[in-house]
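Here is a short tour of a two-chain model, with an eye on its charged pairs and its interface. Have the structure open as you read along.

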Amino acid sequence: MSAGGGGGGAHEAIPQNKLIAFGVIGGLVGIYAAYFLVDIIGPSMSFLGALGAICSIVWGASAVRRVANYGLGTGVPSIGMLALGIGVIATTFGLAVGGIAGPLVALVFASLIGLVVGMLGNKVLNMGIPIMVQSTTEIAAAGALTIVGLSTSMIGTFMFFDEIVNGVVVAQGVASGVMTTGYIAVIFIAGGLAILHPYNANLGPDEKQDRTLACAFEKGAIAMILAGIVATITPFASGSITILIGIAIWYVSFSGYYKRVKRDAFMVTGSGLLPSKEELE
Amino acid sequence: MIDIVGIIAEDFLNILLITLGGMLIALGVHLVPVGGAPAAMAQATGVGTGTVQLAAGAGLTGLVTAGFMMNVTESMALIIASGTIGAMIMISVTMIVGQWMYVYGVGCPPASAKVKYDPITKDRQDLYVSQGTEGHGIPTASFISGVIGAGLGGLGGSLIYYSLLSIENGLPEANFIGIASIFAIGLFFVNAVIPSYNIGGTIEGFHDPKFKKFPKAVLASFVATFLAAIMGVVAIGGM
C-alpha cells in the first residue's frame, strides 16, 4: 500500500486538544480581527487573516498526522484534498448564508460533513480507524477555516457579496473577488498542500510531532506569501505586509524545521559535487 | 433570512441530480486503474498515481469541456455528453502515455496479477507478471475499464455542474459560474476520496475482486453528496 504509518496511535508531545484550541481560536480570532481591523485601521491589516489560516493549517496537519499514522491505504494526499473539498462546500454555504457569522457557520457545517464522512468511513467502508470520525471532523473544519482565512487576507473581508453603495463597489466580496477570479484554485492547492504535505514529507518510524508541525508552519507561511501576492492586485487588501510577514514566518519556521531535521538525522554530511567525466574514466 | 424549505422544495430535482452525479463519480473511480505509489515503481498494475489525482484530472477536464459546450448550446444532453467525452479523452491520454513509459522506459509488459486471462483479449497474464510484483503496466481490460470509469466520472461531474447552473438565483452570471464550478470541484474531490478509501488505494478495473465492493462506496457517497447538495442548493438558490 502506498501509505506509510506504523498502524497505531502517533506519539505526541503536544496533546491534540491544545492544537484543536489553537486552530479554532487562532483561526477565528485571526479572521475576525482581519475583518474588523481592515474596517477600522485600513487594508494593511488584512495579513491577520493569513495568520489565522496558519493556525488552522497547523491544526489540520496535526490531525492528518494522527489519522494517517494508522495507514489509510490511499496515501496521505487524499485526506488533504478531502479536507479542502469539504471545506470549499462548507465555506460557500457558510459565507453565503451566514453574513457576519459566516466563518462560524462554515466551521460548523464543515465539521458536520466531516463527521458524516468519518462515520461513513468507519461504519460503511469498514476502515476500522478508531479516531477516524474525530480526525475527519477536525480536518474538514481546518480546511474550511484555511479557505476563509486565506480569502480574507486576499481581499480584506469574508463577506460573500460585493458591498455596493450608489452603484459603486466599495468592497469586493469573496464571490467576485476570490471565486470568480479563480484565486480559489490557489487557495485550494496551497492550503491543501499545507495540510497534507507535512505528514507526507516526514512520515516514517522516526517521525516526530514537532518536526512535522514545524513543516506545517513553513507550508502555511508559503500559503500566506501566495495570498499576499494575490492581495497586491486587489484594491481592498494590502499585499506587501502579508508578503513580508509571510517571508519572516517562513524563515523562522524553515530554520526551526532544518534544525529538527539535523537533530533527528543519524548524520548530516556533504556529498560533494558529482565527479567530472575525466575523473570517471 | 432566506427561505430554506422553499428553496429545497423548489430545487429538489436538482438536489437529486447532484446526488446522482456524486454516486456516478464514486462508481467511476472504481473502474479507473489506479496503482498508487507501487505502480509508479512498476510493481502494481495501473497508472502510477493516486485515485484523487486521476479522478481530479479527468473530472476537471470534464468540467472544462462541459462548460465549453455550455457556451454554444443549452441542450442538457449535449453538455453532459461533452463533459463525459472530455473526461474519457483525458484518462485515455494519461493511460496511453503511462503505458509508453512502462513498455519503452521501464521495459515491462502490461500484465495483470489479479486474473489469469485478460477478460477482454483472453491473453494469458500470469506468465508475464514479474516475480515480487502485483503486475505492471495497463493491460487491455484495465484500459477499457478506465475509459468507462472516466466516462461515468465525467458524466457525474457535468451532471452536478449542469444541475447547479439550473438553480434560479439573482447572481451576476460570472459569479454564478465561478461558484458553481468551484462547488462542483469540491464535490468531485469528496466523491473521489470516499471510493478510494473503499478500494484501499489501488484497483485494476472491473475484473479486480475489489470492484465488487462498489455498492458500499456508492451508498457512502449518496449520503455525503446528498448533505452537500442541500447546502449547495440552499447557498446558491438563496443568493
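## Salt bridges and the interface

B:Asp208 is buried, at 2% relative accessibility. Keep in mind that this is a predicted model. The side chain of B:Asp208 meets that of B:Lys114 in a salt bridge, at 3.0 Å from N to O. B:Lys114, in turn, is partly exposed, with a relative accessible area of 34%. The two partners come from distant parts of chain B, 94 residues apart: B:Lys114 sits in the loop between strand S1 (111-112) and strand S2 (135-136), and B:Asp208 in the loop between helix H7 (173-198) and helix H8 (214-237).

How many salt bridges are there over all chains? The count comes to ten. Three of them are set out here, with their N to O distances.

| Salt bridge | Distance, N to O |
|---|---|
| A:Asp210 and A:Arg260 | 3.3 Å |
| A:Asp264 and A:Arg263 | 2.8 Å |
| B:Lys114 and B:Asp208 | 3.0 Å |

Take the pair in the top row, A:Asp210 and A:Arg260. A:Asp210 belongs to helix H8 (residues 209-231) of chain A and A:Arg260 to helix H9 (residues 239-264), so their salt bridge ties together parts that are 50 residues apart in sequence. Both ends are partly exposed: A:Asp210 has a relative accessible area of 30%, and A:Arg260 has 24%. In the A:Asp264 and A:Arg263 pair, A:Asp264 counts as buried at 17% relative accessibility, while A:Arg263 counts as partly exposed at 43%. Through shared partners, salt bridges join these four residues with A:Asp206, A:Lys208 and A:Arg211 into one network.

Now to the place where the chains meet. Here 38 residues of chain A are in contact with 38 residues of chain B. Between them the chains bury about 3,100 Å², 84% of it on carbon and sulfur atoms. A:Ile89, A:Phe93 and A:Leu125 supply 19% of the area that chain A buries against chain B, more than any other three residues. No salt bridges are found across this interface, and one residue pair is in polar contact. On the side of chain A that touches chain B, helix H3 (77-98), helix H4 (102-123), helix H6 (174-179) and helix H7 (183-202) each supply at least two residues. H3(A) gives the most, with 14 residues. By residue type, this side of chain A divides into 29 nonpolar, nine polar and no charged.

A last word on cysteines: there are zero disulfides over all chains. For A:Cys55, the nearest cysteine sulfur is that of A:Cys215, 17 Å away.

Key
Residues are numbered from 1 along each chain as its sequence is written. Chains are lettered from A and ligands numbered from 1 in the order in which they are written. This is a predicted model: local features need pLDDT of at least 70, side-chain atom pairs count only at pLDDT 80 or more; totals for chains, interfaces and linings use all residues. Side-chain values use heavy atoms; hydrogens and water are left out. Contact means heavy atoms within 4.5 Å. Buried area is the accessible area (1.4 Å probe) that two parts lose on being put together, summed over both. A polar contact is a pair of N or O atoms within 3.5 Å; within protein, one must be able to donate a hydrogen and the other to accept it, and residues adjacent in sequence count only if both atoms are side-chain atoms. Helices (H or I, at least four residues) and strands (E, at least two) are DSSP runs, numbered from the N terminus. Ala, Val, Leu, Ile, Met, Phe, Trp, Tyr, Cys and Pro count as nonpolar, Asp, Glu, Lys and Arg as charged, and the others, Gly among them, as polar. A disulfide is a pair of cysteine sulfur atoms within 2.5 Å. Buried means under 20% relative accessible area, exposed over 50%, partly exposed in between (1.4 Å probe, protein chains only).
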